[in-house]
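Welcome! Let's take a short tour of a protein chain, moving from one small detail out to the whole fold. Keep the picture at hand as you read.

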Amino acid sequence: MDRSSSENQILINREPNGVATVTINRPGSLNSLTGTMILDLAQAFKALDQDHSVRVIILTGSGRSFCSGIDLTAAEDVFKSEEMKDPESNPVIQMDRCRKPIIGAIKGFTVTAGFEISLACDILVAAKGSKFIDTHARFGIFPSWGLSQKLSRIIGPNKAREVSLTAMPLTAEAAERLGLVNHVVEDGEVLKKSREIAEAIIKNNHDLVLRYKSVINDGIKLDLRHALSLEKERAHDYYEGMTEEQFKMMQDFIQGRKKESKL
């Protein structure tokens, strides 16, 4: 694949406060993904996960779409590519592996592969009137980035079947009611709201944020009994690894919060 063809189509902006913004930047094609863009998006999340200066990631699209899916003019090359079978080249797998919280800032259309990418985010902020659309059944494309399994676990199997088998749009407002979207805001407020959430996360203990995201996301895959055991196991490991100095810092922090609340 010609890597120069995706130059400036996956943008990464790191801010001094620890927020990194990844932008899918192909607005003339509603941010449809070429094979090279898919590889670049996967590598972007892998790099940001390893970047210690980054604490929260915001994913968005430029123009009037979040992501309209795979560019179907190159569908055969994308779907049959050996490179695409490699987990290192799969953006959804890299997002699932990413320890940092990922906030999806959704505007306009989020279609098929774009829908699957949105489901790999931890928190979603969507503009009023945005639409999530699953067109796998319409175009004869078999889902492979998790849509057939994740959506039903979030909004329920009956509603997920309707969304996927009819290929009818799910609006941001309906998605919020179903628990898929966290916040629906005006079009011009999407990034602002996403940054507010990111800044609230940054104020907290970074190590615990990473561990908390991990135990939530890993626990979702288990039944409740095993998920509770997982939480207990990780809690014991966490406290066993803490030094006396760290416990003292925790106590000092709590005392400082108590003093602030009295002011």
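**Starting from one side chain**

The side chain of T60 comes within 3.0 Å of the backbone oxygen of A105. Please keep in mind that this is a predicted model. From T60 we can step out to the strand that holds this residue, which is β3, and then to the sheet, the helix that packs on it and the cores.

**T60 and its surroundings**

- Is T60 buried or exposed? T60 counts as buried because its relative accessibility is 4%, and the cut-off for buried is under 20%.
- Leaving out neighbours within four places in sequence, T60 is in contact with T21, V22, T23, I24, F66, A105 and L191.
- A105, the residue whose backbone oxygen T60 reaches, stands opposite V125 in β7.

**The sheet**

- In what order do the strands of the open sheet come? Six strands line up as β1-β2-β3-β5-β7-β10, and their pairing is mixed.
- At the edges you will find β1 (10-14) and β10 (183-185), each of which pairs on one side only.
- From one strand to the next, the twist averages 20°.
- Strands β5 and β7 run parallel and are joined by four bridges.
- Strand β7 (residues 123-127) also runs parallel to β10, with three bridges between them.
- Two pairs to look for here are A127, which stands opposite V185 in β10, and A126, whose bridge partner in β10 is V184.

**A closer look at β7**

- In a regular strand, side chains alternate between the two faces of the sheet.
- You can follow the directions in β7: I123, V125 and A127 point one way, while L124 and A126 point the other way.
- β7 is mostly covered, as five of its five residues are buried.

**Helix α1 against the sheet**

- Which strands does helix α1 (residues 35-50) touch as it packs on the sheet? They are β1, β2 (19-24), β3 (56-61) and β5 (102-106).
- The direction of α1 makes about 20° with that of β1.
- A44 lies in this helix, and A44 is buried, with a relative accessible area of 4%.
- Not counting residues up to four places away in sequence, A44 touches I10 and I12.
- A44 and V92 are 48 residues apart in sequence, and their C-alpha atoms are 12 Å apart in space.

**The nonpolar cores**

- The largest nonpolar core has 45 residues, of which L33, L59, I117, F132, L151 and L180 touch the most other members.
- The largest share of this core comes from α1, with six residues.
- F132 has a long list of contacts beyond four places in sequence, among them I106, F115, L124, M168, L170, L180 and V181.
- A second, separate core has 15 residues, including I123, V125, I202 and V209.

**The whole chain**

- The chain has 12 helices and 10 strands.
- Its radius of gyration is 20 Å, close to the 18 Å that the globule rule gives for 263 residues, so the chain is as compact as a globular protein of that length.
- Along its principal axes, the C-alpha trace spans about 60 × 40 × 40 Å.
- What share of the 263 residues is buried? Buried residues make up 44% of them.
- Among contacts with a separation of 6 or more, 71% are between residues 24 or more positions apart.

Technical notes. Residues numbered from 1 in each chain as written. Predicted model: local features only at pLDDT ≥ 70, side-chain atom pairs only at ≥ 80, totals over all residues. Heavy atoms only, no water. Pairing = 2+ DSSP bridges. Axes fitted to C-alpha atoms, helices over the stretch in contact; angles between N-to-C directions. Contact = heavy atoms within 4.5 Å. Core = buried A, V, L, I, M, F, W, Y, C linked by side-chain atoms within 4.5 Å. Buried < 20%, exposed > 50% of the residue type's maximum accessible area, 1.4 Å probe, protein only. Polar contact = N/O pair within 3.5 Å; in protein donor to acceptor, adjacent residues only side chain to side chain. Rg over C-alpha atoms; globule rule 2.2 N^0.38 Å.
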